[in-house]
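Me: Could you take a close look at one part of this structure for me, the surroundings of the ligand? I'd like a connected walk through what sits there.

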Amino acid sequence: MADKNMSEDCAVPRKDEPRLATNQIQGNIMPGFNKDFQWLLFLKIVHLPSFKRWLRNLIPSVTTMAQVLDFRSQLKRSESQLPATWMNIGFSYAALKQLNAFAGDKDFDDEAFRQGLWQRSEALGDPTNPESEGHPENWLVGGEQKEAHLIIIIASDSQQDLSAAVARLKATIDAPGGGGGALIIFEQPGAVLPGPLAGHEHFGFRDGISQPGVRGRISKEEEPDGFLTPGQNPRDKHQGKPGQDLVWPGEFVFGYRGQDAKKPVECPGTTVEAGPSWAKNGSFLVFRRLRQDVGAFHQFLHETAQRLNMDSGLFGAKCVGRWTSGAPILKAPDLDNAGLAKDDLRNNDFEFDADDAKGQMCPFAGHIRKTYPRDDVKCAEVGLPSDQQTLNESITQTHRLLRRGIPYGEPSRSAVHAPVHDGDDRGLLFLAYQTSIVKQFEFIQKFANNPDLKDARTGHDPIIGQSLEKNSRKREFAVTFKDYEGKEWTEPVHMEKDWVIPTGGGYFFAPSIKTLKETLAK
Ligand code: N7H
């Protein structure tokens with residue numbers, strides 16, 4: 001929403017938004033694969049010349065933004081479809097160095113990317129006890145010993161096509177005579193949950209509803225009005241769907257103008273050039289393998305709701321900011337509303353400060369409020385430069401992510417009223433693209449962890465917040481309740497144990513097709 005406190009009019013007409021290089025940008029960055037079946041392969045380079053040869057052969061199979069967009073418009077017109085098994089690729093900083101990518105060019109500014117995820121794990125609040133499952137020494141991929149050079153994402157509409165594509169690709173890597181010059185160190189399938197849980201994550205909540213509306217034209221000369229995110233809100237020309245603020249593409253892809261944190265959200269900032277010239281049309285990819293202890297979360301919801309004498313569905317909705325259906329609590333404060341959840345012209349159309357300044361409906365620590373505070377203001381931010389010490393909508397738009405996650409593992413039999421502790425391995429393959437890991441993924445995770453933001457009693461995000469105290473996993477957050485007579489009161493809710501546990505991950509860079517050809521495979 002346009003910021004009323006900032007009167008400057010520096011918006012450019014939509015027709016002047018930059019043309020996006022759809023044949024260069026990988027398709028999972030924008031518009032996103034959004035496929036039901038996915039497979040992640042993690043590789044370590046062992047022989048550089050063989051690897052470069054293999055990479056050269058792989059490039060024609062890397063799916064571009066143009067291919068995904070073509071597929072989508074065919075789907076809309078119900079025409080026969082292109083084969084829809086797609087593949088994208090990302091490189092760690094160590095891999096880019098091995099490939100000699102930086103010779104004669106500038107390094108990336110982003111310290112997080114240069115260090116790699118496991119070196120940042122403690123600052124992100126991950127467990128510091130080496131005995132703990134979430135400590136990087138115990139990760140299945142990533143960590144000092146198991147850091148991957150490459151992530152390959154393969155995605156398909158059918159499990160059969162996916163398995164065939166994965167087998168074909170693996171055969172090229174393992175081929176006799178050096179093959180891909182790389183070892184597969186880990187692989188991880190992911191899939192949309194079956195039946196009525198489709199589109200939901202393992203705790204039971206619908207996911208993938210709110211995404212930034214990326215600005216930019218995808219049209220050919222003859223159709224000048226083709227935008228990646230068409231305007232669908234007659235009340236606000238700076239939004240895509242109602243409630244979906246348009247964000248300049250430089251926040252997610254290098255080489256384009258990003259947001260200006262000091263100007264109204266619609267004003268473009270400077271072109272993001274925080275890396276080598278070949279970073280253009282590429283993006284950083286954060287991967288976290290997050291195991292979910294569904295029984296523990298459900299038990300927490302059940303016991304807390306009983307103690308507070310409130311409906312456990314409502315308490316869960318307060319933890320997330322949305323009901324399990326996906327309906328936002330700001331628009332459905334007392335009861336779930338499946339019709340609202342399904343209507344994507346309404347299910348994101350709300351603000352926090354304007355609609356719920358005191359956190360009476362959605363706690364300040366609620367997951368979607370912590371991870372995207374929208375128009376929330378007056379938080380004392382920690383770790384930001386002094387000129388950005390207050391939160392406002394313009395600053396918040398510089399902390400956005402393109403989320404591309406997918407669940408892994410079998411669905412749980414657990415229910416909030418009957419928690420099941422089966423110890424099975426299931427969770428979320430969290431994948432997110434951005435142009436600054438420090439300012440986007442890491443900022444959001446730290447915001448979720450910091451109990452003193454917004455006001456001193458905001459508390460931890462009950463989904464992903466981690467304790468900042470060494471050797472303690474205890475967290476708490478403040479919730480406002482209302483009894484049947486309408487009387488309101490706020491009290492802290494305590495969380496003794498983690499239910500989202502990091503079990504692997506890495507920081508990668510997803511380059512353009514040109515960079516793959518001319519810099520990395522050369
Ligand atoms: Fe979250 N969950 O089930 O509760 N997330 N998330 N997330 N998340 C969102 O709006 C979840 C994680 C964001 O724009 C929804 O699309 C779970 C990490 C952001 O309004 C649900 C895990 C980070 C948004 C969940 C997890 C984020 C978001 C609502 C881990 C970043 C968009 C559906 C297992 C550090 C907010 C929707 C907006 C939404 C859940 C992880 C960030 C249901 C279970 C690690 C930015």
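Reply: Here's a tour of the ligand site, followed by a salt bridge that involves one of the strands there. Keep in mind that this is a predicted model.

Let's start at the metal. The iron atom of the ligand has H367 as its only protein donor, through NE2 at 2.1 Å. H367 sits in helix α11, and an N or O atom of the H367 side chain is also 2.9 Å from a nitrogen atom of the ligand.

Now step back to the whole shell. There are 26 residues around the ligand, and H367 is among those that come nearest, along with E201, I209, S210 and R403. By class, you get 14 nonpolar residues, six polar and six charged. Helix α11 (367–371) supplies at least two residues of this shell, and so does each of β9 (283–292), β12 (427–434) and α13 (438–449).

Backbone atoms come in as well. I209 has a backbone N or O atom 2.5 Å from an oxygen atom of the ligand, while for G208 a backbone N or O atom lies 3.1 Å from a ligand oxygen.

Strand β9 is worth following a bit further. R288 forms a salt bridge with D126, with the closest N and O atoms 2.9 Å apart. R288 belongs to β9, whereas D126 is in the loop between α5 (117–120) and β3 (150–156), so this pair ties together parts that are 162 residues apart in sequence. Both ends are tucked away: R288 counts as buried at 2% relative accessibility, and D126 is buried too, with a relative accessible area of 2%.

Conventions
Residues numbered from 1 in each chain as written. Predicted model: local features only at pLDDT ≥ 70, side-chain atom pairs only at ≥ 80, totals over all residues. Heavy atoms only, no water. Near = heavy atom within 4 Å. Polar contact = N/O pair within 3.5 Å; in protein donor to acceptor, adjacent residues only side chain to side chain. Helix = DSSP H or I, 4+ residues; strand = E, 2+ residues; numbered from the N terminus. Nonpolar A, V, L, I, M, F, W, Y, C, P; charged D, E, K, R; others polar. Donors = N, O, S within 2.8 Å, 3.2 Å for Na, K, Ca; no water. Salt bridge = Lys/Arg side-chain N within 4 Å of Asp/Glu carboxyl O. Buried < 20%, exposed > 50% of the residue type's maximum accessible area, 1.4 Å probe, protein only.
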